[in-house]
Amino acid sequence: MPRPNPQTVAVRSALESDSQHGAVVPPIHLSTNYTFSAFNEKRTYDYSRSGNPTRDALASALAELEGGAGCVVTASGMSAILLVCQQLNPGDLLLAPHDCYGGSYRLFESLAARGRFRVQFIDQNDTEALDRALAERPKLVWVETPSNPLLRIVDLAAVAEAAHAAGALVAADNTFLSPALQTPLALGADIVVHSTTKYLNGHSDVIGGAVISADRAVHDSMADWANTLGLTGGAFDSYLTLRGVRTLFPRMRQHESNASQVAAALVAHPAVQAVYYPGLATHPGHALAARQQRGFGGMVSFEVAGDETALRCVLEGLSLFSLAESLGGVESLVCHPATMTHAAMDPDARRTAGISDRLVRLSLGAEAGDDLVADLLGALDRALAAASTPTHRQG
Ligand SMILES: *Cc1c(COP(=O)(O)O)cnc(C)c1O
């Protein structure tokens, strides 16, 4: 039989693996411990922090989808990132993007402040800054593409090649696209990190993470550290996440179709000042995204024209978008980065990163695209009306 397509792998992973009853869907193994079959005779599993069949089923699926030698499933995206940091020793340099996920920024900065390693944040699209930083021989280069919330695209193959020439490992946070739309290991990265909380689980009911390594020895080291530090994910969460993975490909197609429909509608609306979506030909990373991704993803950000009243009209005037953080679920979400996901960043750093107070981020769900567009256009029309109507202050 020819090698199945990734979509088939996602659907069929671990099906019919139950040898006891022939269950089509593998059962959840919640037991924390496993009997030794006899004195000094350990079975495959002994203790669920170290190894668990349900977690392993998810790990195998993710390793195969990302094309890695192995995967460690962790309790959250942050614990996955912390796990990768174990590859760094005191004095080692970590090179991270200046606009990386806020939680990653805080983790890198606070571990560096305690002397665990050194960190430098740079704009990885600035090739001069990248070359200067690589000349300092970093141990690890962190890449996140597309970035949050402006969806900037970084050339994974080019950064990986330059980083390898400088002797560094490359880790890519692939949360925003999932392996359905981007496989960083195939572009030269050594490690892929996921917050499986987002698209991989896809139903906003699990916090989880994963680390997939291209190299077996690197994976073994990750697995050892995950067990030592106690970062591994739970069985029930793993079960739910693998259930989500089965529908990853059709979900991603629907997220993307809704995102491109919404982006096109936003561009044409007078209450919108700018739209950030890599699928738009006007996006600076469009050509690169078309080359290194298999789709433009389900996230769209835009700037509302006008004042805070107009902004409020948009954020509070939507009925099919929940005002909430996170992303990647089947339900559409709207988020105001300046007061929500990026509130911890100081205002100057936010401005430098290009995150204005009028920026709105959308995670397009799996609803009907026409309904989402109608909801957004209604709110934007009201924002426009509010902006052109002088407000009469009372008393
Ligand atoms: C959410 C997120 C994380 C952190 O994952 P948690 O599951 O919330 O711990 C890391 N990176 C990116 C890009 C994310 O969106």
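**Exercise 1. Helix H5 and its two sides**

Task: work out which residues of helix H5 (residues 127-134) are buried, and what they pack against.

Solution. Start with the list: Ala 129, Leu 130, Ala 133 and Leu 134 are the buried residues of H5. Look down the helix axis and these buried residues fall within an arc of 130 degrees, so they line one face of H5. The arc is taken over the directions from the helix axis to the C-beta atoms. As for the cut-offs, buried is under 20% relative accessible area, exposed is over 50%, and partly exposed is in between (1.4 Å probe, protein chains only). Helices (H or I, at least four residues) and strands (E, at least two) are DSSP runs, numbered from the N terminus.

A bit of background helps here: an α-helix has 3.6 residues a turn, so residues three or four places apart point the same way.

Now flip to the face turned away from the buried side: Thr 127, Glu 128, Asp 131 and Arg 132 sit there, exposed. Last step, the partners: the buried residues of H5 pack against E2, E3, E4 and helix H6 (156-165). Contact means heavy atoms within 4.5 Å.

Before going on, a word on the model: it is predicted, so local features need pLDDT of at least 70 and side-chain atom pairs count only at pLDDT 80 or more, while totals for chains, interfaces and linings use all residues. Residues are numbered from 1 along each chain as its sequence is written, and side-chain values use heavy atoms, with hydrogens and water left out.

**Exercise 2. Laying out the sheet**

Task: in what order do the seven strands of the open sheet lie, and which are the edge strands?

Solution. Walk across the sheet and you get E1-E7-E6-E5-E4-E2-E3, with mixed pairing. The edges are strand E1 (70-74) and strand E3 (118-122), each of which pairs on one side only. Two strands count as a pair if DSSP finds at least two bridges between them. On average, neighbouring strands of this sheet are turned by 20 degrees against each other, direction ignored. For such angles, axes are lines fitted to C-alpha atoms (for helices over the stretch in contact), and values run from 0 to 180 degrees between N-to-C directions.

**Exercise 3. Strand E2 and its neighbours**

Task: take strand E2 and find out how many of its residues are buried, then which residues stand opposite Leu 94.

Solution. Begin with burial: five of the five residues of E2 are buried, making the strand mostly covered. Leu 93, Leu 95 and Pro 97 point one way, Leu 94 and Ala 96 the other, and all are buried.

Next, the E3 side. E2 and E3 run parallel and are joined by five bridges. Leu 94 stands opposite Val 119 in E3. To get from E2 to E3 the chain passes through H4, a β-α-β crossover that is right-handed. That call means that, with the strands pointing away from the viewer, the path from the first strand over the helix to the second runs clockwise. H4 (residues 102-113) lies across E2, E3 and E4 and runs at about 145 degrees to E3.

Then the E4 side. E2 (residues 93-97) and E4 (residues 140-144) are also parallel, joined by two bridges. Leu 94 has Leu 140 as its bridge partner in E4, and Leu 95 has Val 141.

**Exercise 4. Backbone oddities in the loops**

Task: which peptide bonds are cis, Thr 145 to Pro 146 and Asn 148 to Pro 149 being the ones to check, and where do the prolines lie?

Solution. The bond joining Thr 145 and Pro 146 is cis, with omega about 0 degrees. The one from Asn 148 to Pro 149 is cis as well, with omega near 5 degrees. Pro 146 lies in the loop between E4 and H6, and Pro 149 is found there too.

Task: Arg 137 and Leu 151 both have positive phi; is each buried or exposed?

Solution. Arg 137, not a glycine, has phi of about 55 degrees. Arg 137 lies in the loop between H5 and E4 and is exposed, at 54% relative accessible area. Leu 151 has phi near 60 degrees and belongs to the loop between E4 and H6. With 2% relative accessibility, Leu 151 counts as buried.
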